[in-house]
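Visitor: I have a structure on my screen and want to learn how to read it. Could you take me through it step by step?

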Amino acid sequence: DNSSSSSSDSSAPAGSLHGPVSGNPAPDSSTTSFHAKDPRNWPIRIPKPLIPVRPTLIRPEAAQRAPTVRDFDDAATRHWFGFDSVDEYYAAASSAYHLHAVDTPLMCISAEDDPICPKEAIPMEAFNENPCLLLVTTPTGGHLGWIDLSPAGGGWRGRPWTEDVMFDYLQAVLAQERNACNNG
């Protein structure tokens with residue numbers, strides 16, 4: 001991650017980001033955890049052998065019976081990453097607090113009916129104020145469920161139509177970078 005390099009900076013190190021794309025980002029982890037209370041979003045039950053055993057930090061029994069994502073994060077995730085509270089973990093994990101500093105073109109795609117990352121969690125002000133940010137929203141799509149239902153797209157077993165949108169975006173970013181290099 002080299003968020004300080006500009007997409008037109010020809011001195012940017014090899015491998016730096018020049019036009020990342022994010023699908024259904026969780027800009028406000030606290031808000032998304034409350035939307036995860038819906039039973040459809042409950043954590044998958046993890047078999048005990050797969051839970052990392054660090055008894056001084058993680059509470060495996062509480063994680064195992066966690067009724068919500070937030071409860072699981074409180075019992076396990078925050079301890080694993082060394083946070084004092086689940087709210088502290090969510091604040092650190094929320095991209096909304098960092099969007100003002102993005103100085104590389106970044107496209108975020110989000111569905112308004114996403115049960116995990118709802119439209120209420122999208123920091124619209126940040127997207128309106130930062131010209132490097134491009135927000136694409138769709139009325140439907142759920143959580144990463146933008147499947148091309150057309151016969152050409154494969155129907156329900158097809159690939160997401162957002163792949164084409166992302167590739168078009170990335171090609172435009174690269175074309176802009178080539179133009180800047182050729183004219184600079």
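**Reading the fold and its contacts**

Guide: Start with one residue. At 44% relative accessibility, D87 counts as partly exposed. Keep in mind that this is a predicted model.

Visitor: What does the side chain of D87 meet in a salt bridge?

Guide: First the idea. Side chains of opposite charge can pair when their charged atoms come close. Here the side chain of D87 meets that of R70, with N to O at 2.6 Å.

Visitor: Which helices hold D87 and R70?

Guide: D87 lies in helix 4 (residues 86–93) and R70 in helix 3 (residues 69–80), so the salt bridge ties together parts that are 17 residues apart in sequence.

Visitor: Is R70 buried or exposed?

Guide: R70 counts as buried, at 16% relative accessibility. The cut-off for buried is under 20%. So this salt bridge joins a partly exposed D87 to a buried R70.

Visitor: How many salt bridges are there by this rule?

Guide: The count comes to two. The other pair to look at is D74 and R78, whose side chains meet at 2.7 Å, N to O.

Visitor: Where do D74 and R78 lie?

Guide: The general idea helps again. An α-helix has 3.6 residues a turn, so residues three or four places apart point the same way. D74 and R78 both lie in helix 3, four residues apart, or about one turn of the helix. D74 counts as partly exposed, at 26% relative accessibility. R78 counts as buried, at 11%.

Visitor: Which residues of helix 3 are buried?

Guide: R70, F72, D73, A75, A76, T77, R78 and H79. Two of them repay a closer look: A76 and H79.

Visitor: Take A76. What is A76 in contact with, leaving aside its neighbours within four places in sequence?

Guide: A76 is in contact with I58 and A63. This helix 3 residue is buried, with a relative accessible area of 10%. You can also check a backbone distance. The C-alpha atoms of A76 and E61 are separated by 9.7 Å, and the two residues are 15 apart along the chain.

Visitor: And H79? Which residues does H79 touch, not counting those up to four places away in sequence?

Guide: L57, I58, R59 and D74. I58 is on the contact list of A76 too. H79 is also in helix 3 and counts as buried, at 15% relative accessibility.

Visitor: What does the side chain of H79 reach at 3.2 Å?

Guide: The backbone oxygen of D74. So look at both parts of D74. The side chain of D74 meets R78 in the salt bridge, while the backbone oxygen of D74 is reached by H79.

Visitor: What follows helix 3?

Guide: G82 follows helix 3, and the phi of G82 is positive, near 80°.

Visitor: Now helix 4. Which residues are buried there?

Guide: V86, Y89 and Y90. They cover an arc of only 95° around the axis, which puts them on the same side of helix 4.

Visitor: How many aromatic pairs are there by this rule?

Guide: Two. For each pair, read the distance between ring centres and the angle between planes. F83 and Y89 form a tilted pair, 5.6 Å centre to centre, with 55° between the planes. Y89 and Y90 also form a tilted pair, 5.5 Å centre to centre, with 40° between the planes.

Visitor: Which residues form one aromatic cluster?

Guide: F83, Y89 and Y90. Y89 is buried, and so is Y90. For Y89 the relative accessibility is 17%.

Visitor: Let me step back to the whole chain. How many helices and strands does the protein chain have?

Guide: Six helices and three strands. Read along the sequence, the pattern is β-α-α-α-α-β-α-β-α.

Visitor: What share of the residues is buried?

Guide: Buried residues make up 35% of the 184 residues in the protein chain. The chain exposes about 11000 Å², and carbon and sulfur atoms supply 57% of that area.

Visitor: One last item: contacts along the sequence. What share join residues at least 24 apart?

Guide: Among contacts between residues at least 6 apart in sequence, 63% join residues at least 24 apart.

Conventions:
Residues are numbered from 1 along each chain as its sequence is written. This is a predicted model: local features need pLDDT of at least 70, side-chain atom pairs count only at pLDDT 80 or more; totals for chains, interfaces and linings use all residues. Side-chain values use heavy atoms; hydrogens and water are left out. Helices (H or I, at least four residues) and strands (E, at least two) are DSSP runs, numbered from the N terminus. Buried means under 20% relative accessible area, exposed over 50%, partly exposed in between (1.4 Å probe, protein chains only). Contact means heavy atoms within 4.5 Å. Accessible areas come from the Shrake-Rupley method with a 1.4 Å probe; for residues, only the protein chains shown count as cover. A salt bridge is a side-chain nitrogen of Lys or Arg within 4 Å of a carboxyl oxygen of Asp or Glu. The arc is that of the directions from the helix axis to the C-beta atoms. A polar contact is a pair of N or O atoms within 3.5 Å; within protein, one must be able to donate a hydrogen and the other to accept it, and residues adjacent in sequence count only if both atoms are side-chain atoms. Rings of Phe, Tyr and Trp (its six-membered ring) pair if their centres lie within 6.5 Å; planes under 30 degrees apart count as stacked, over 60 as edge-to-face and the rest as tilted.
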